[in-house]
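Me: I have a structure here and some short questions about it. Please reason briefly and finish each reply on the value or name I ask for.

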Amino acid sequence: VATAANFQFDSLSVRRSTLNRPYSDCWDIDLLFKDPNRQSRARLLHRHAVDVGDSLPVSIGSPRTWRIS
């Protein structure tokens with residue numbers, strides 16, 4: 001979605017997720033994209049929730065995407 005709309009990667013952040021399962025360690029990974037040609041255009045935020053409580057990380061649900069100003 002981001003590359004098709006001419007967006008480029010801007011930043012990455014990680015924070016403890018509001019989604020939690022019993023005996024889990026869930027984190028949100030936020031990928032922020034911006035349009036380098038139009039600074040006034042809203043940025044795209046892609047959020048992935050990941051449970052790292054086991055030896056193999058597991059994605060929780062589907063990634064979510066929305067625009068932010």
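Me: Is D35 buried or exposed?
Reply: This is a predicted model, and the call rests on computed accessibility. Buried means under 20% relative accessible area. D35 has 3% relative accessibility, so D35 counts as buried.

Me: Which residue meets D35 in a salt bridge?
Reply: The side chain of D35 pairs at 2.8 Å, N to O. The partner counts as partly exposed, because its relative accessibility is 22%. That partner is R41.

Me: Which residues are joined into one network by salt bridges that share partners?
Reply: Side chains of opposite charge can pair when their charged atoms come close. R47 and D30 meet in a salt bridge at 2.6 Å, N to O. This pair links distant parts of the chain, with R47 in strand β3 and D30 in strand β2, 17 residues apart. The full network is R15, D28, D30 and R47.

Me: Why does R47 count as buried?
Reply: R47 sits in strand β3. Leaving out residues up to four places away in sequence, R47 touches R15, D28, I29, D30, P63, R64 and W66. The cut-off for buried is under 20%. R47 counts as buried because its relative accessibility is 14%.

Me: How far apart are the closest N and O atoms in the salt bridge of D25 with R16?
Reply: D25 is partly exposed, with a relative accessible area of 25%. R16 also counts as partly exposed, at 48%. Their closest N and O atoms are apart by 2.8 Å.

Me: How many salt bridges does a search of the whole structure find?
Reply: Among them are D25 with R16, R47 with D30, and R41 with D35. The search of the whole structure finds six.

Me: What is the bridge partner of D51 in β4?
Reply: Strand β3 covers residues 43–51 and strand β4 covers residues 58–68. They pair in the antiparallel sense over eight bridges. The two strands form a hairpin with six residues between them. D51 has as its bridge partner V58.

Me: What is the phi of Y23?
Reply: Y23 lies in the loop between β1 and β2. Y23 counts as exposed, at 86% relative accessibility. Y23 is not a glycine, yet its phi is positive, about 60°.

Me: How far apart in space are L31 and L56, C-alpha to C-alpha?
Reply: L31 is in strand β2. In sequence, L31 and L56 are 25 residues apart. In space, C-alpha to C-alpha, the distance is 21 Å.

Definitions and conventions. Residues are numbered from 1 along each chain as its sequence is written. This is a predicted model: local features need pLDDT of at least 70, side-chain atom pairs count only at pLDDT 80 or more; totals for chains, interfaces and linings use all residues. Side-chain values use heavy atoms; hydrogens and water are left out. Two strands pair if DSSP finds at least two bridges between them. Helices (H or I, at least four residues) and strands (E, at least two) are DSSP runs, numbered from the N terminus. Buried means under 20% relative accessible area, exposed over 50%, partly exposed in between (1.4 Å probe, protein chains only). Contact means heavy atoms within 4.5 Å. A salt bridge is a side-chain nitrogen of Lys or Arg within 4 Å of a carboxyl oxygen of Asp or Glu.
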